[in-house]
Structures are given as structure tokens and as C-alpha cells.
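Reader: I am a first-year student, and I should like a close look at a single part of this molecule. Would you please explain how the charged side chains are placed, and set them within the chain as a whole?

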Amino acid sequence: MMTTDIEMLDEKLALIQWISTVDDFSVIERIKKIREEETEDWWNSISVEEKESIEKGIIDADNGNVVQHSEVRKLYEKWL
């Protein structure tokens, strides 16, 4: 479902209004946790293996060890 800017603003305002009435501190803590998770750098949330794989890919690309997109598509087109 596509959300318009007006609908998004309405939802935000409804949440702000609701949060202003919340009296349960545990609810506030859960909202804060969601906010922290949303602003956390994704690099800090991936595994060491994933980081190593990304770093290896960057080194390969820097050294010119790449395959053209069109060649990769040819290899995998039966699954695309």
C-alpha cells in the first residue's frame, strides 16, 4: 500500500498525540529501543563474516577483479 505524505503526517501526529498520553514507563522504554535500533549503523549489526566478505569485495573491486553486470545476468538469467 502506497502512503501519501499527508497520510504519513497524520500517522506521525496520531503517534505523537498517543505518546503524550502514555503513563506506562515500559512502553516509553520500548519506543526508545525502537528509535535506537532505527538509528544504529547497520555495520555494527552484521556478523564478522559479513564484514570480512564486504571488505574482500571492496578489495577485489579496487583491484579490478570484477565481472560486468551483463555477464553475471547471462550466468544467472534462468533464475531471474
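**Charged side chains on a helical chain**

Author: The protein chain contains four helices and zero strands. Its pattern, followed along the sequence, is α-α-α-α. Please keep in mind that this is a predicted model, and that the values below are computed from it.

Let us begin with the overall dimensions. The radius of gyration of the protein chain is 22 Å, whereas a compact globule of 80 residues would have one near 12 Å. Taken along the principal axes, the box filled by the C-alpha atoms is roughly 55 × 30 × 20 Å. A pair of residues gives a sense of these distances: Ser-45 and Trp-79 are 34 residues apart along the chain, and their C-alpha atoms are separated by 30 Å. Ser-45 is placed in the loop between α2 and α3. With a relative accessible area of 52%, Ser-45 is exposed, because the cut-off for that word is over 50%.

The surface may be described in a similar way. Of the 80 residues in the protein chain, buried residues make up 4%. The accessible surface amounts to about 7,800 Å², and carbon and sulfur atoms account for 56% of it.

We now come to the charges themselves. The protein chain carries 10 positive and 20 negative side chains, and the centres of these two sets lie 4 Å apart. Side chains of opposite charge can pair when their charged atoms come close. In this model, the count of such salt bridges comes to four. Three of the pairs are considered here in sequence order.

In helix α2, which spans residues 25-39, Glu-29 and Lys-32 lie three residues apart, about one turn of the helix. Lys-32 and Glu-29 form a salt bridge, in which the closest N and O atoms are 3.6 Å apart. Both partners fall into the middle class of accessibility: Lys-32 is partly exposed at 34%, and Glu-29 is partly exposed at 33%.

Helix α3 offers another pair. Lys-56 and Asp-60 are four residues apart in helix α3, so about one helical turn separates them. Their side chains meet in a salt bridge with an N to O distance of 3.0 Å. Asp-60 has a relative accessible area of 22% and is therefore partly exposed.

The pair in helix α4, residues 69-76, consists of Glu-71 and Lys-74. These residues are three apart, which means that they are separated by about one helical turn. The salt bridge between the side chains of Lys-74 and Glu-71 has an N to O distance of 3.4 Å. Here the partners belong to separate classes: Lys-74 counts as exposed at 56% relative accessibility, while Glu-71 counts as partly exposed at 38%.

Charges may also be grouped with their like. Glu-49, Glu-50, Glu-52 and Glu-55 form a negative surface patch. One of these residues, Glu-50, belongs to helix α3, which covers residues 48-62. Glu-50 is partly exposed, with 41% relative accessible area. Membership of a patch requires over 30% relative accessible area and no salt bridge, so the value for Glu-50 satisfies the accessibility part of that rule.

For contrast, the surface also has a patch without charges. This nonpolar patch is formed by Val-67, Val-72, Leu-75, Tyr-76, Trp-79 and Leu-80, which together have about 690 Å² of accessible area. Leu-80 is located in the segment after α4, and Leu-80 counts as exposed at 64% relative accessibility.

To draw the part you asked about together: helix α2 holds the pair of Lys-32 and Glu-29, helix α3 holds the pair of Lys-56 and Asp-60, and helix α4 holds the pair of Lys-74 and Glu-71. Alongside these pairs stands the negative patch that includes Glu-50, a residue of helix α3.

Notes:
Residues are numbered from 1 along each chain as its sequence is written. This is a predicted model: local features need pLDDT of at least 70, side-chain atom pairs count only at pLDDT 80 or more; totals for chains, interfaces and linings use all residues. Side-chain values use heavy atoms; hydrogens and water are left out. Patches are made of residues with over 30% relative accessible area and no salt bridge: like charges are joined within 9 Å, nonpolar side chains (Val, Leu, Ile, Met, Phe, Trp, Tyr) within 5 Å. Accessible areas come from the Shrake-Rupley method with a 1.4 Å probe; for residues, only the protein chains shown count as cover. Lys and Arg count as positive and Asp and Glu as negative; His and the chain ends are not counted. The place of a charge is taken as NZ of Lys, CZ of Arg, CG of Asp or CD of Glu. Helices (H or I, at least four residues) and strands (E, at least two) are DSSP runs, numbered from the N terminus. Buried means under 20% relative accessible area, exposed over 50%, partly exposed in between (1.4 Å probe, protein chains only). The radius of gyration is taken over C-alpha atoms; the globule rule is 2.2 Å times the number of residues to the power 0.38.
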